[in-house]
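Me: I have a chain open here and would like to talk through its sheet, a few helix contacts and some single residues. Could you go over them with me?

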Amino acid sequence: ADKHMYDFSVAREQYDKEIQRAFFNATLRCNSLSDIHYEQFFATLGWYYKDGFGIVDIPENKMKILIDNNVIRMSGKNLTFIRESYPHNLIYYIVAYIEEYCDLVMAPELFDSDEAVKLLGETISDEFKLKLLENIEGELTAINPAYTDTVKEYILINNFAEEDLRHFVSHYGNEGTKTKAAIISKVLGWAGTPSKEALPISRELFENVISSDRSMTAENVVTLFSYLLPKLDEAQCKRYLIQLRLNSFLGLFKQKRPRIIISDTNTRILETFRHNGWITKFEVDEKDENYYRAYGRRAHLGSDKDAIVLL
């Protein structure tokens, strides 16, 4: 390929504007021109479309050259035309003019939610992503590895999709500080709802939730604990039972047979105890059907009594 460098800036001095304009528009349509020469021409001529660009059938690679050299500026008409005629170059074009784009699409007639969502995963400043998010209504998933901590936080707070909760609870330990705070907020809301989907609560999440909101009811704390319980060993369980003052459940490790009020949370705890072999059984109390009677299993020989310590 011919790599001779051309500088077309001299054309601005040697020819009048009408000739320059004709040359400019003819070269725009010259698909047979090598990309190297196409680049050199538009990098040095200095002409551009401020508005009203309307040339079709320019190859994708040459459109990229035009965008890189600021030949097609951001405007309402140019944006609309590129949306319609060059969809494969659209996101590249927008990112090149992201500041102007964000100002432009604040007008409802130009804003496109699907387009804005695609831009959330692009390498642009969070400042611009938050501007776009302000105009996106309704639920939006925050599950996208390209989303920054700031973007995920905003979506979880303002566009939360319920089906995202399990994912973010499961990945809590891997998230950024802002996203973690938003997850805690959502778990607090989840704990206060009567009908709950089981969530894989981790120790880190549990401890951060109960320490973040001292006004959280004891009932909701115990509910949260019941979902953490399957991940705990016996020693860990005992520590939490002491911390949460759940003495009836703690007594089961000492062969006691406490009455425990029937509730979804208590049923879940007792089922985990039974599954782990920490109790022999539990059943509805013969004297009061509002209670369970639970039966602690015999203590293990050589069990470490000192394993129970305050957190």
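Reply: We can take the sheet, then the helix pairs, then some single residues, bearing in mind throughout that this is a predicted model.

Me: Good, sheet to begin with: in what order do the three strands come, and is the pairing parallel or antiparallel?

Reply: The three strands make an open sheet in the order E1-E3-E2, and their pairing is antiparallel. Strand E1 (259–261) and E2 are the edge strands, each of them pairing on one side only, and from one strand to the next the twist averages 30 degrees.

Me: How many bridges join E2 to E3?

Reply: Five bridges join E2 to strand E3, which covers residues 291–296, and the two run antiparallel. E2 and E3 also form a hairpin, with six residues between them, and within this pairing Val284 stands opposite Tyr292 in E3.

Me: And how many bridges are there between E1 and E3?

Reply: E1 and E3 pair over three bridges, again in the antiparallel sense. Arg259 has Arg293 in E3 as its bridge partner.

Me: Which strands does H17 lie across, and at what angle does it run to E2?

Reply: H17 lies across E1, E2 and E3, and its direction makes an angle of about 150 degrees with that of E2.

Me: Where is Asn276 in relation to H17 and E2?

Reply: Asn276 belongs to the loop between helix H17 (264–275) and strand E2 (279–284). With a relative accessible area of 30%, Asn276 is partly exposed, since that value falls between the 20% limit for buried and the 50% limit for exposed.

Me: How far is Asn276 from Asp233 in space?

Reply: Their C-alpha atoms are separated by 8.8 Å, although Asn276 and Asp233 are 43 residues apart along the chain.

Me: Changing topic to the helices: at what angle do H12 and H13 pack?

Reply: H12 and helix H13 (residues 203–212) pack at an angle of about 75 degrees, and their axes are 10 Å apart. That angle makes H12 roughly perpendicular to H13, because angles from 65 to 115 degrees are classed that way.

Me: Which residues make that contact?

Reply: From H12 the contact takes Lys180, Ile183, Ile184, Val187 and Leu188, and from H13 it takes Glu204, Leu205, Asn208, Val209 and Ser212. Sorted by class, the contact of H12 with H13 has six nonpolar, two polar and two charged residues.

Me: Ala181 is in H12 too; is Ala181 buried, exposed or partly exposed?

Reply: Ala181 is found in helix H12, which spans residues 177–191, and it counts as partly exposed, at 44% relative accessibility. From Ala181 to Leu79 the C-alpha to C-alpha separation is 37 Å, with their positions 102 residues apart in sequence.

Me: Now H9 and H10: at roughly what angle do their axes cross?

Reply: The axes of helix H9 (residues 126–133) and helix H10 (residues 149–158) cross at roughly 15 degrees and come within 10 Å. That makes H9 roughly parallel to H10, because the class takes in angles under 35 degrees. H9 passes H10 in a right-handed crossing.

Me: Which residues of H9 and H10 are in contact?

Reply: On the H9 side they are Asp126, Lys129, Leu130 and Leu133, and on the H10 side Thr150, Val151, Tyr154 and Ile155. The residues of the contact of H9 with H10 divide into five nonpolar, one polar and two charged.

Me: A few single residues before I stop: why is Asn25 classed as it is?

Reply: Asn25 has a relative accessible area of 18% and is therefore buried, as the class holds for values under 20%. Asn25 lies in helix H2, residues 17–28, and, leaving out residues up to four places away in sequence, it touches Tyr49 and Ile55.

Me: What is notable about phi at Asn70?

Reply: Phi of Asn70 is near 60 degrees, a positive value in a residue other than glycine. Most residues other than glycine have a negative phi. Asn70 sits in the loop between helix H4 (60–68) and helix H5 (76–85), and at 36% relative accessibility Asn70 counts as partly exposed.

Me: And what about phi at Arg245?

Reply: Arg245 has a positive phi of about 60 degrees although it is not a glycine. Its place is in the loop between helix H15 (234–243) and helix H16 (247–251), and Arg245 counts as exposed, at 69% relative accessibility.

Definitions and conventions: Residues are numbered from 1 along each chain as its sequence is written. This is a predicted model: local features need pLDDT of at least 70, side-chain atom pairs count only at pLDDT 80 or more; totals for chains, interfaces and linings use all residues. Side-chain values use heavy atoms; hydrogens and water are left out. Helices (H or I, at least four residues) and strands (E, at least two) are DSSP runs, numbered from the N terminus. Buried means under 20% relative accessible area, exposed over 50%, partly exposed in between (1.4 Å probe, protein chains only). Two strands pair if DSSP finds at least two bridges between them. Axes are lines fitted to C-alpha atoms, for helices over the stretch in contact, and angles run from 0 to 180 degrees between N-to-C directions. Contact means heavy atoms within 4.5 Å. Angles under 35 degrees count as roughly parallel, over 145 as roughly antiparallel, 65 to 115 as roughly perpendicular and the rest as oblique. Ala, Val, Leu, Ile, Met, Phe, Trp, Tyr, Cys and Pro count as nonpolar, Asp, Glu, Lys and Arg as charged, and the others, Gly among them, as polar. A crossing is left-handed if the near helix is turned anticlockwise from the far one by less than a right angle, and right-handed if clockwise.
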